[in-house]
Amino acid sequence: EEALLRWEHQGKIAAQTFPSKGQEAIAIGCCLALEKGDAVIPSFRTRGAMVGMGVTIAEQLREFVHSPLAAGDSRDAPHHSSWPERGVMPGSTMIGGHLAMAAGLAVAMQFDKQPAVSLAFFGDGTLGSGDLHETMHIAGAWELPLILACENNGWEMSTAWSKTRKTRSLIPYAEPFGFTARAVDGNDAQDVYQSARWARAMALSGRPVFLDCLTFRTGLYSSHFGEVRSGIEEDLAEAECRDPLRRMANWLIEHGVATAMELEILTQEEDKRLEETFSEVLVEIR
């Protein structure tokens, strides 16, 4: 995502990017907990879901450069791209609109008696969308195999959560609909993964699940709009200390899984591979 922001600034791409910086653990942690046959509907800020479901960097970059080999034939926004054969379903620009589709997928799974679940990501600003409440109503009443994963970063674009609802947690809003809810440390990849594994088992047993993943976005709202929140300097400093990538790296080092040097080398190799992949994808449009 950092590279996408840089390339847009350099005029190499025009498609808008919605960075997930500070929230990376949620989408990837949840998707790694899924199994074959499960379906995912990403939000516009959950590019990690595509990574977690096995969509390659090259495939994702094709959507940004409007390659003729793009999955969506370059007819839609990059965050709507879908790879159904790998369980990644198309999203929606309408806030909350994709949640009803996720419920529809869950209905199909239930009807066909498939041992699978439907998972949808969304931000806490979606609480103001009627689609969310209608989805929770039908999912709870029909006991659908549905998991709703909220990236609760406390902001609705430029409006803080305290100006739109009584509690930061969304669990009080989900439980009355019949959802089994769980508070998750959205900056801890392992907590997200274990919670998603638990959620999958619950959903398959006929109890739809609401994962309230508390986090904080440290990146821009989008490459087009920049930073739209004011007076968040202290919040950003605090959130940087809880950065999910840094926390995961520290855990790997502390448990002897990798050294700091190995992780640095890996990062450099990935940066190089990313630039090479971007150059290869650009050739497709010339």
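The legends below describe close-up views of a predicted model.

**View 1. Overall fold of the protein chain in the predicted model**. The protein chain has 11 helices and seven strands, and its radius of gyration of 19 Å is close to the 19 Å that the globule rule gives for 286 residues, so the chain is as compact as a globular protein of that length. Along the principal axes, the C-alpha atoms fill a box of roughly 50 × 45 × 40 Å, and buried residues make up 48% of the 286 residues. Of the contacts with a separation of 6 or more, 70% are between residues 24 or more positions apart.

**View 2. Helix α6 and its buried side**. Helix α6 comprises the 13 residues 130–142, for which 1.5 Å a residue gives an expected span of 18 Å, in agreement with the 18 Å between its end C-alpha atoms. Within this helix L132, T135, M136, A139 and G140 are buried; they cover an arc of only 120° around the axis, which puts them on the same side of α6. The cover over these buried residues includes α5 (97–111), β2 (118–123), β3 (146–152), α7 (171–174) and β7 (209–214), whereas the face turned away from the buried side carries the exposed residues E134 and A141. Just after α6, E143 takes a positive phi of about 55°.

**View 3. T126 in the loop between β2 and α6**. With a relative accessibility of 6%, T126 counts as buried because the limit for that class is under 20%. Leaving aside residues up to four places away in sequence, T126 touches I95, G96, L99 and L132, and L132 is itself among the buried residues of α6.

Methods. Residues are numbered from 1 along each chain as its sequence is written. This is a predicted model: local features need pLDDT of at least 70, side-chain atom pairs count only at pLDDT 80 or more; totals for chains, interfaces and linings use all residues. Side-chain values use heavy atoms; hydrogens and water are left out. Helices (H or I, at least four residues) and strands (E, at least two) are DSSP runs, numbered from the N terminus. The expected span of a helix is 1.5 Å times one less than its number of residues. Buried means under 20% relative accessible area, exposed over 50%, partly exposed in between (1.4 Å probe, protein chains only). The arc is that of the directions from the helix axis to the C-beta atoms. Contact means heavy atoms within 4.5 Å. The radius of gyration is taken over C-alpha atoms; the globule rule is 2.2 Å times the number of residues to the power 0.38.
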